[in-house]
Amino acid sequence: MTLRVNEAPVEAEVDHRTTLLDLLRERLALTGSKKGCDHGQCGACTVLVDGRRVNSCLVLAVALDGCDVVTVEGLARTEDADGDLHPLQRAFLERDAFQCGYCTPGQLCSAVGMLAEARTGQPSVVTDPDLATDGPVPLTDDEIRERMSGNLCRCGAYPHILEAVQDVVS
């Protein structure tokens with residue numbers, strides 16, 4: 001199979017049972033994405049596939065032939081050719097939006113995907129139904145909380161994560 005990971009072409013021969021998470025961590029040495037629950041419930045393994053958020057522990061690698069994958073290691077590259085941190089990475093550092101840091105890579109990738117979804121007008125369950133979906137969805141605190149609800153932080157850094165995302169939205 002062939003895919004692009006963090007803008008680099010990757011050719012790999014994988015067992016049909018190999019998850020994207022295992023391919024990234026075990027074969028490509030991209031250990032930023034974490035194996036938390038291995039059931040798609042915690043979000044620690046969240047990456048972007050063709051710009052959309054994906055729990056990489058649930059996706060079979062062979063299903064992604066030809067896709068573009070971005071991990072936390074690639075966020076800076078997607079934002080700035082000089083390798084500067086992505087604005088969300090900077091905001092997480094400035095707001096101390098992590099404690100142990102285990103969930104941080106998944107939180108960051110999810111936040112990047114969430115911002116893109118809101119920019120394209122994709123509603124969430126808390127989006128005001130009277131809003132037209134042909135433009136950006138305003139990201140209130142409730143909207144951000146709902147959109148990030150698939151990413152758990154056992155340390156409880158949620159207030160700082162919310163502040164960091166709001167910093168980038170503002």
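Which residues are linked with Arg53 in a network of salt bridges? The network joins Arg53, Glu117, Glu143 and Arg147.

## The model and its salt bridges

The structure described here is a predicted model. A search of the whole structure finds 9 salt bridges. Three of these pairs are described below, beginning with one that belongs to the network.

## A buried pair in helix α5

Glutamate 143 and arginine 147 form a salt bridge in which the closest N and O atoms are 2.8 Å apart. The two residues are 4 residues apart in helix α5, so about one helical turn separates them.

Are these two residues buried or exposed? Glutamate 143 has a relative accessibility of 3% and therefore counts as buried, because buried means under 20%. Arginine 147 has a relative accessible area of 7%, so this residue is buried as well. Both residues also take part in the network with Arg53 and Glu117.

## A second pair in helix α5

Helix α5 covers residues 141-147 and holds another pair, aspartate 142 and arginine 145. Their side chains meet in a salt bridge, with an N to O distance of 3.2 Å. Aspartate 142 and arginine 145 lie 3 residues apart, which is about one turn of the helix.

Arginine 145 has a relative accessibility of 46% and counts as partly exposed. This value falls between the limits of 20% for buried and 50% for exposed, which is why the residue is placed in the middle class.

## A pair that links distant parts of the chain

Glutamate 163 forms a salt bridge with arginine 95, and the closest N and O atoms of this pair are 3.5 Å apart. The pair links distant parts of the chain, since the two residues are 68 residues apart. Glutamate 163 belongs to helix α6 (residues 158-169), whereas arginine 95 belongs to helix α3 (residues 87-95).

Both partners are partly exposed. The relative accessible area of glutamate 163 is 32%, and the relative accessibility of arginine 95 is 33%.

## Helix α1 and its surroundings

Helix α1 spans residues 20-27, and its buried residues include Leu20, Leu21, Leu23 and Leu24. What covers the buried residues of this helix? Among the elements that do so are the strands β1 (2-5), β3 (46-49) and β5 (68-70).

Alanine 29 follows α1. The phi angle of alanine 29 is positive, near 55°.

How values were computed. Residues are numbered from 1 along each chain as its sequence is written. This is a predicted model: local features need pLDDT of at least 70, side-chain atom pairs count only at pLDDT 80 or more; totals for chains, interfaces and linings use all residues. Side-chain values use heavy atoms; hydrogens and water are left out. A salt bridge is a side-chain nitrogen of Lys or Arg within 4 Å of a carboxyl oxygen of Asp or Glu. Buried means under 20% relative accessible area, exposed over 50%, partly exposed in between (1.4 Å probe, protein chains only). Contact means heavy atoms within 4.5 Å.
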